[in-house]
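Thanks for passing this one along. Here are my notes, set out as numbered points so that you can go through them beside the viewer.

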4 protein chains.
Amino acid sequence: MALLEIESLSYSYDSVVKAVADVSFEVEAGSIVGLIGPNGSGKSTLIKNVFDLLRLQSGRVRIGGYRHDHPHARAHGMYLSSNDYLPEFLTAREYVAMTASLYGVAVDHEEAADLFRRFAMAERYDHLIEDFSHGMRKKTQLVSALVMRRPLTVIDETLNGIDLEALRLAEAEFERARDAGRSILLCTHDFAVLERLADRIVLLDFGQVIYDAPAGDLVEEHGSLAAMVFDYLESEAR
Amino acid sequence: MALLEIESLSYSYDSVVKAVADVSFEVEAGSIVGLIGPNGSGKSTLIKNVFDLLRLQSGRVRIGGYRHDHPHARAHGMYLSSNDYLPEFLTAREYVAMTASLYGVAVDHEEAADLFRRFAMAERYDHLIEDFSHGMRKKTQLVSALVMRRPLTVIDETLNGIDLEALRLAEAEFERARDAGRSILLCTHDFAVLERLADRIVLLDFGQVIYDAPAGDLVEEHGSLAAMVFDYLESEAR
Amino acid sequence: MALLEIESLSYSYDSVVKAVADVSFEVEAGSIVGLIGPNGSGKSTLIKNVFDLLRLQSGRVRIGGYRHDHPHARAHGMYLSSNDYLPEFLTAREYVAMTASLYGVAVDHEEAADLFRRFAMAERYDHLIEDFSHGMRKKTQLVSALVMRRPLTVIDETLNGIDLEALRLAEAEFERARDAGRSILLCTHDFAVLERLADRIVLLDFGQVIYDAPAGDLVEEHGSLAAMVFDYLESEAR
Amino acid sequence: MALLEIESLSYSYDSVVKAVADVSFEVEAGSIVGLIGPNGSGKSTLIKNVFDLLRLQSGRVRIGGYRHDHPHARAHGMYLSSNDYLPEFLTAREYVAMTASLYGVAVDHEEAADLFRRFAMAERYDHLIEDFSHGMRKKTQLVSALVMRRPLTVIDETLNGIDLEALRLAEAEFERARDAGRSILLCTHDFAVLERLADRIVLLDFGQVIYDAPAGDLVEEHGSLAAMVFDYLESEAR
């Protein structure tokens with residue numbers, strides 16, 4: 001069963017150039033999919049369409065089987081952006097509570113506080129976010145996403161700049177989520193992370209799907225994801 | 001009629017020390033109230049109680065006549081925090097649309113684009129927020145609050161660091177909002193702004209109301225708001 | 001004696017429009033001068049000329065009697081910008097030491113640690129700046145400037161967003177600096193701060209000096225600095 | 001010949017625990033060395049010792065053959081930190097000029113402007129940094145480091161969050177620098193980048209060198225750098 005279905009999605013900001021052009025792919029339940037794209041690939045436009053931040057122009061998006069703008073769809077999916085989009089006047093606990101309330105989800109603050117400890121942020125759960133370093137903010141976002149246990153979580157560069165042990169812990173938690181049948185769409189240029197975690201890779205460029213295949217097959221064919229991507233970027237076909 | 005009624009509000013984080021201790025004051029419709037408080041005065045705790053970010057422990061808060069946790073109350077009030085709490089992956093237009101959608105309000109994008117022009121940000125309404133300077137982000141927040149036309153808007157240090165002409169324009173817009181019967185609770189240490197705009201001043205310290213009186217009376221009595229506040233901070237009574 | 005002498009300073013980025021046009025003014029030893037200017041007034045260009053971040057095209061700038069690009073001039077003046085321009089990988093102590101080393105100045109770390117205590121940041125002097133909130137970063141910058149005891153300090157919006165007691169403490173320290181014969185050029189739109197502290201006010205617009213007079217005279221003539229500035233901005237002459 | 005020699009370096013903040021304990025390694029001219037370390041590994045302390053931001057307590061550091069605190073050593077090495085440590089009131093050109101002036105180096109602004117074009121930032125070289133997004137700031141830092149052509153450049157997580165094509169371009173420039181005999185010490189957790197670029201890997205933990213060997217040998221032995229690091233982090237020996 002597919003938790004995210006994107007079908008013939010097209011979008012244009014100016015009715016002339018297509019930022020996304022007839023894109024289709026799926027994220028199966030219990031899978032981790034890596035989404036790769038250079039600047040202007042249409043990745044952000046696609047994500048904004050999925051989360052109804054841009055009004056769908058053409059094509060179809062379903063989350064958990066529901067149309068993407070259905071309230072049930074909203075409750076199924078969660079988007080974690082790359083930037084420090086955190087309200088500084090809240091404590092971590094208040095932020096997690098506010099996020100849960102926005103999605104209409106009950107969260108276990110004990111579990112969140114426990115993840116804080118494992119992320120080397122013991123005692124910080126009741127501190128104001130304004131005193132957190134960049135790394136701590138990223139980890140706060142990750143914890144908030146993990147305890148929400150949404151069927152589909154889109155993680156957009158959030159792993160950048162976290163420390164090595166947090167990275168390893170995050171990967172373990174992503175694998176646990178996958179084993180529990182949840183799915184993650186992981187946007188990152190850290191190809192080693194993708195080679196370790198991703199079941200499937202989608203490469204976008206100029207609004208189109210260039211590759212959409214099992215990660216293992218792509219690595220076998222090209223030697224590495226980096227080779228695949230960099231060779232493509234240099235190819236004449238582009 | 002009071003748009004915001006705070007009655008005997010108390011709050012403690014640890015059941016021992018009271019961060020807010022039996023605070024009562026009102027914000028009348030069509031008025032601008034200045035809220036002043038040093039670190040630890042309870043100002044943030046009070047605001048979080050008003051917007052239901054902390055669960056009320058004792059006392060009563062009403063917005064537009066509704067209990068503060070009633071959906072109608074939520075639609076009446078809006079909180080603008082001091083920090084750059086803006087999603088960088090959105091354009092200004094998308095941010096305004098998302099905010100309006102969260103509050104269930106219809107906004108006029110023409111009006112917002114026009115305010116952008118007057119705030120010296122012509123052409124920027126469809127640009128990504130991640131390319132905005134600090135000053136532009138503050139102005140984006142102000143515009144989003146102004147076009148929402150909420151009966152009660154709490155503005156927490158948002159004027160810091162905007163340019164001189166934006167400050168003057170913001171003040172004119174606040175006065176227009178007041179003339180239209182809307183209210184603003186203005187948290188700032190810029191006493192000159194308060195002397196120009198505020199109808200009433202509330203000074204909090206150690207969780208208690210120290211002053212709550214018409215701004216004109218306080219200025220007449222103390223010479224200036226700065227004299228009032230700094231004299232109080234140095235007084236033995238404190 | 002003038003610690004800062006600006007004489008017939010002009011600067012153009014494109015050889016057509018003058019960002020600064022024949023500006024002259026002085027900052028006397030033992031004085032606090034308020035520098036006010038709307039966007040595009042030439043304030044930033046002027047400051048960059050003073051600190052040799054832009055190469056002088058026309059006119060003369062002297063700091064402490066030395067040409068502005070003379071090493072002695074560099075040691076006389078210090079620039080505190082409005083933004084969080086702080087190396088996050090350093091502790092506050094390391095930052096103060098690095099700044100002192102850049103200016104070739106010996107600083108008293110005991111005095112700095114004491115100021116940290118008075119600024120409600122006890123224990124923080126040896127912490128990494130990356131964990132500091134915006135307000136704490138501003139206070140760290142202020143402390144580093146205060147312990148440097150430069151004859152001339154330019155403070156550009158650095159007071160925005162600090163807490164009320166820090167503001168009051170900063171003002172007291174500026175007055176102590178003035179009493180000790182040092183000078184401060186204070187760029188801010190907080191007119192109440194200027195009315196409390198400034199001996200003299202310079203208003204720039206379109207690269208020209210509009211007002212340059214004792215603050216008391218200007219307040220007496222116009223009622224308040226705000227009235228003076230806002231009336232000017234609305235005047236036909238502009 | 002070694003551009004960076006670290007010999008028996010130890011450092012303690014409190015005279016009890018050693019943050020760095022008898023560390024020795026070298027960076028050969030014309031090589032790229034990957035430096036990996038979890039939180040608390042001593043990586044930051046080590047780098048601060050190299051650049052004289054902490055006073056050497058024990059051991060020896062040489063850059064380009066000079067003692068690390070010798071003026072010639074300072075001119076040989078350059079440190080690029082992970083955070084947005086950029087003065088917002090400067091344009092990119094002014095920032096590059098200021099950096100060059102601090103190091104006493106002549107830079108080619110044509111080359112810098114050309115790199116801006118290749119980094120998809122054409123026209124931005126004369127814009128204020130305050131309007132740059134995070135990614136653009138990272139690219140500005142990279143360009144400033146590249147045109148400085150320092151014999152030794154330490155790059156600390158600066159590649160995080162830049163776009164895919166910028167990453168590829170940066171890698172190509174690092175390889176050109178290596179071919180020209182310059183060296184780069186690259187601190188990153190992006191193991192795929194290290195597997196593509198690094199000649200040698202140093203893994204620090206608890207202030208000690210755990211691995212110091214050619215990258216190829218380590219990959220051959222452990223399967224991948226990720227496997228090496230994560231296996232080590234889980235090992236009992238730790």
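1. Let me start inside one chain of this predicted model. C:R178 counts as buried, because its relative accessibility is 17% and the cut-off for buried is under 20%. For an arginine you may want to see what surrounds the side chain, so the next point goes there.

2. C:R178 sits in helix α6 of chain C, which covers residues 164–179. Leaving aside residues up to four places away in sequence, C:R178 touches C:G30, C:S31, C:I32, C:L197 and C:D199. With one of these, C:D199, the side chain of C:R178 makes a polar contact of 2.9 Å.

3. Now to how the copies are arranged, beginning with chains D and A. A turn of 180 degrees with a shift of 0.0 Å along the axis lays chain D on chain A, and the RMSD is 0.0 Å. Within chain D, the residue that comes closest to this rotation axis is D:A192, whose C-alpha is 2.4 Å away.

4. Which surfaces do chain D and chain A use to meet? The copies meet through the same surface, because 100% of the interface residues of chain D are also interface residues in chain A. Each side is listed with its own count: 26 residues from chain D and 26 residues from chain A take part in the contact.

5. The area buried between chain D and chain A comes to about 2,300 Å², and carbon and sulfur atoms give 62% of it. On the chain D side, D:L164, D:R168 and D:F230 lose the most area to chain A; together they make up 30% of what that side buries.

6. There is a polar side to this contact as well. Between chain D and chain A the count is 4 salt bridges, and there are 6 residue pairs in polar contact, with both residues at pLDDT 80 or more. If you would like a salt bridge to look at, try D:R238 with A:E165, where the closest N and O atoms are 2.9 Å apart.

7. Which elements of chain D give two or more residues to the side that touches chain A? They are α6 (164–179), α7 (191–197) and α9 (225–234) of chain D. By class, the residues on that side divide into 11 nonpolar, 7 polar and 8 charged.

8. Chains A and C make another pair to look at. Chain A is superposed on chain C by a rotation of 180 degrees with 0.0 Å of shift along its axis, at an RMSD of 0.0 Å. That is the relation of a two-fold axis. A:D131 is the residue of chain A that comes closest to the axis, with its C-alpha at 2.7 Å.

9. How many residues are in contact between chain A and chain C? The contact involves 8 residues of chain A and 8 residues of chain C. Chain A and chain C bury about 510 Å² between them, with 37% of it on carbon and sulfur atoms. On the side of chain A that touches chain C there are 2 nonpolar, 2 polar and 4 charged residues.

10. A last remark on the contact of chain A with chain C: the rule finds 0 salt bridges across the interface, and 0 residue pairs in polar contact where both are at pLDDT 80 or more. Here too the copies meet through the same surface, since 100% of the interface residues of chain A are also interface residues in chain C.

Note on methods:
Residues are numbered from 1 along each chain as its sequence is written. Chains are lettered from A and ligands numbered from 1 in the order in which they are written. This is a predicted model: local features need pLDDT of at least 70, side-chain atom pairs count only at pLDDT 80 or more; totals for chains, interfaces and linings use all residues. Side-chain values use heavy atoms; hydrogens and water are left out. Copies are superposed by least squares on the C-alpha atoms of residues with pLDDT of at least 70 in both. Contact means heavy atoms within 4.5 Å. Buried area is the accessible area (1.4 Å probe) that two parts lose on being put together, summed over both. A salt bridge is a side-chain nitrogen of Lys or Arg within 4 Å of a carboxyl oxygen of Asp or Glu. A polar contact is a pair of N or O atoms within 3.5 Å; within protein, one must be able to donate a hydrogen and the other to accept it, and residues adjacent in sequence count only if both atoms are side-chain atoms. Ala, Val, Leu, Ile, Met, Phe, Trp, Tyr, Cys and Pro count as nonpolar, Asp, Glu, Lys and Arg as charged, and the others, Gly among them, as polar. Helices (H or I, at least four residues) and strands (E, at least two) are DSSP runs, numbered from the N terminus. Buried means under 20% relative accessible area, exposed over 50%, partly exposed in between (1.4 Å probe, protein chains only).
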